[in-house]
Amino acid sequence: MEPVIDRAFAAALYGDGDDGLDTGASLLAAAPGADAELRRRGEEYLTRAWRHGWQPADVLRLVRRDLREPHLRLAASLIHTETGRYAHLPPRWKTQLAATGPAEEPTGDRFSQATTYLELYRLLLRLPPVEPVGPPPGERVPGPVEGEPRTLTRVRALLAKAEATGYPEEAEALTAKAQELMARYSLDEALLAARTHAKDVPGAVRVGVDAPYETAKAILLDAVASANHCRAVWNEAFGFSTVVGFEADLEAVELLHTSLLVQGTAAMTRAEAAQRAGGRKRTKTFRQTFLLAYAHRMGARLAAAGDHAVAEAADSGAESRGSLLPALAARDVAVTDHAERMFPATTATRVRGATDEAGWTHGTAAADRARVGRERPRLP
């Protein structure tokens, strides 16, 4: 059956038009004996993607963005089968695999099924190499201890409550407490590494930055990363940012960015509803400017909160004063060096679209309300 597969793939996967896709799907629909080989080829494309630096969440994000639900379910099915062959999976892959969603074969007539396979494989085949953010599957490497530290579990719970509550003051207090815990945790990790001369090195993680308003979302992520001793590099074409930093800080960035985005989007929706009730119709412009203002103001507040946390820790005792700042400086240098090795050539992006005065005013106010820990909150 390989000649049928080869002819179908040659027609469908190496062109942009629909004619080749239809030809390939017709060949496969007429050859039911090729089904097993068809699926095996897809798993090979995934193996190639892992070797080129991609991870399951990255692949699914692109499939969700560029194709449709049947392709997403097929991709999830292929990923589960392919990754099930490895004795060892990299850190974070278990979480990604658990979040893949429904996994199933395409339905419908054989031509439609074959078309779904080929459209997915065309996307997989065209994935270029990207900067790896961890080892490929199958490699046994020292990883984080199973389960997250208790501090991060508390942070996760606090942020979940902040996102769920309908009371702004309670959300502010919960978010502020979470940021306080994350800052203290990061500082403790830096001191511990310095005292024990641990050979801890920076790592990296990818965070999805999805449309719409992806520029504002990327700016917010960059602000969160900078405030937590990390560096973020945005890949606009593939819809993600790579965040470089030490493990404890990477965890904090993922948690806080997700929560602030949820809170900012909720605040934007409320403000937009009020604007529309007053007769405004420029919804898209308002939303875009709102989120840009929110990201800009949040960056300033997070930076101030980070400086405050460091100063407070440095004033807490002679031992901290003598070791905290050098430890943080050494980690900052290590993160910067690692980021520059991963991304030796980056470009700056000019931000456009902040043209709605009301959106900017409301977005700034929303960021001001999402206090991030300059003062110790009192929880209800």
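In this predicted model, strand β1, which covers residues 203-208, pairs with β3 in the antiparallel sense over 6 bridges. Within that pairing, Gly 208 stands opposite Phe 240 in β3. Strand β3 also has β2 as a partner, for these two strands run antiparallel and are joined by 5 bridges. Here Val 233 is the residue that stands opposite Thr 242 in β3. The hairpin formed by β2 and β3 has 4 residues between the strands, and in this hairpin Gly 239 takes a positive phi near 70 degrees.

The two pairings of β3 can be set side by side.

| Partner of β3 | Sense | Bridges | Facing residues |
|---|---|---|---|
| β1 | antiparallel | 6 bridges | Gly 208 and Phe 240 |
| β2 | antiparallel | 5 bridges | Val 233 and Thr 242 |

Is strand β3 buried or exposed? Of the 6 residues of this strand, which spans residues 240-245, 6 are buried, and therefore β3 is largely enclosed by the rest of the structure. Both of its faces are covered, with Phe 240, Thr 242 and Val 244 buried on one side and Ser 241, Val 243 and Gly 245 buried on the other.

Strand β2 also takes part in a pocket. The second largest pocket has a volume of about 600 Å³, and among the 21 residues that line it, Ala 232, Val 233, Trp 234, Thr 347 and Ala 348 are the closest to its centre. The elements that give two or more residues to this lining are α10 (214-227), β2 (231-235) and α13 (318-342), and of the elements β2 gives the most, with 5 residues. By residue type, the lining divides into 10 nonpolar, 7 polar and 4 charged residues.

Turning to the nonpolar cores, in soluble globular proteins nonpolar side chains tend to be buried together. The largest nonpolar core in this model has 39 residues, and those with the most contacts inside it are Phe 9, Val 59, Tyr 121 and Leu 124. The helices α1 (2-12), α2 (18-29), α3 (35-51), α4 (56-66), α5 (69-83), α6 (93-98) and α7 (110-125) are the elements that give two or more residues to this core, and α7 gives the most, with 8 residues. If neighbours within four places in sequence are left aside, Phe 9 is in contact with Tyr 14, Leu 38, Arg 41, Tyr 45, Leu 118 and Tyr 121. A second, separate core has 35 residues, among them Ala 178, Leu 220, Ala 225 and Met 298.

How values were computed: Residues numbered from 1 in each chain as written. Predicted model: local features only at pLDDT ≥ 70, side-chain atom pairs only at ≥ 80, totals over all residues. Heavy atoms only, no water. 1 Å grid on protein atoms, 1.4 Å probe; cavity = no way out; pocket = protein on both sides within 12 Å on 5 of 7 lines; lining within 4 Å. Points joined across faces, edges and corners; volume = space filled by probe spheres on them. Nonpolar A, V, L, I, M, F, W, Y, C, P; charged D, E, K, R; others polar. Core = buried A, V, L, I, M, F, W, Y, C linked by side-chain atoms within 4.5 Å. Buried < 20%, exposed > 50% of the residue type's maximum accessible area, 1.4 Å probe, protein only. Contact = heavy atoms within 4.5 Å. Pairing = 2+ DSSP bridges.
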